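Please open the model in your viewer and keep the selection tool at hand. The stops below go from one selection to the next.

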Amino acid sequence: MTKLNIGIILGSTRQGRVSPQVGNWVKSIADARGDANYEIVDIADYKLPLLGESDGAAQAQKWGAKLATLDGFVFIVQEYNHSLSGALKNALDSARDEWNNKAAGIVSYGSAGGVRAAEHLRGILGELQVADVRVHPLLSLFTDFENGTVFKPAELHTANVSAMLDQVLAWSGALRTLRQ
């Protein structure tokens, strides 16, 4: 069987964001495993207009085509006002069938570990027919980021990311059979 393709979705587009640091850290852990093809998928690269804007068909098509190549996801989710970013919600809404019957893990961060954003994301993923896995690494802005800007994760998070990836791969492999 060919290796699964897992996209590490960066869920923020704002200036000064730290999601690329977190995403690259997750990717380094994932790549060391050698068990799947992992890639960073930055929603900022797609310049998605707000859902429903008439001039956004080309960007949405490119976004959907990228999602169609992936078997599963790891979402890097930061908490904004007790929820996920508007940019991530818009990216989720800008595709439909390309999400279906895939699995996802969530790595969240914020003042409360990003747990509220992750819980909102879980509800949205359910509607998109994405199976979210149980293991959920939570990162604190107070203990895992120096001055809120430099990512320095505690060592314990590495094992949690690996356990999450185990689950994402198991579910992504099982759900692949539904899409074939």
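A salt bridge, as the term is used on this tour, is a side-chain nitrogen of Lys or Arg within 4 Å of a carboxyl oxygen of Asp or Glu. What you have open is a predicted model, in which local features need pLDDT of at least 70 and side-chain atom pairs count only at pLDDT 80 or more, while totals for chains, interfaces and linings use all residues. Residues are numbered from 1 along each chain as its sequence is written, and side-chain values use heavy atoms, with hydrogens and water left out.

**Stop one: a salt-bridge network**

Select D35 and R33, whose side chains meet in a salt bridge with an N to O distance of 2.7 Å. Then add D166, which forms a salt bridge with R33, the closest N and O atoms being 2.7 Å apart. This second pair links distant parts of the chain, since D166 belongs to helix α5 (residues 156-179) and R33 to helix α1, 133 residues apart; helices here are DSSP runs of H or I with at least four residues, strands are runs of E with at least two, and both are numbered from the N terminus. Taken together, R33, D35 and D166 are linked in a network of salt bridges.

How accessible is D166? Its relative accessible area is 43%, so D166 is partly exposed, where buried means under 20% relative accessible area, exposed over 50%, and partly exposed in between, with a 1.4 Å probe and protein chains only. R33, at 24%, is partly exposed, and D35, at 30%, also counts as partly exposed. A search of the whole structure finds 13 salt bridges.

**Stop two: another charged pair**

Move to D132 and R122, whose side chains meet in a salt bridge at 2.3 Å, N to O. Here too distant parts of the chain are linked, with D132 in strand β5 (residues 130-132) and R122 in helix α4 (residues 115-127), 10 residues apart. Are the two partners buried or partly exposed? D132, at 30% relative accessibility, counts as partly exposed, whereas R122, at 16%, counts as buried.

**Stop three: strand β1 and its partners**

Now select β1 (5-10). Five of its six residues are buried, so β1 is largely enclosed by the rest of the structure. Extend the selection to strand β2 (residues 37-42), with which β1 pairs in the parallel sense over six bridges; two strands pair if DSSP finds at least two bridges between them. Within this pairing, I8 has I40 of β2 as its bridge partner. The chain crosses from β1 through α1 to β2, and this β-α-β crossover is right-handed, meaning that, with the strands pointing away from the viewer, the path from the first strand over the helix to the second runs clockwise.

Add strand β3 (residues 72-78) as well, which runs parallel to β1 and is joined to β1 by five bridges. There, I6 stands opposite G72.

**Stop four: V18**

Finally, select V18, in the loop between β1 (5-10) and α1 (19-33). V18 is buried, with a relative accessible area of 4%. Which residues does V18 contact, leaving aside its neighbours within four places in sequence? They are Y109, F145, G148 and T149, contact meaning heavy atoms within 4.5 Å. For a distance in the other direction, display I29, which is 11 residues from V18 in sequence and 17 Å away in space, C-alpha to C-alpha.
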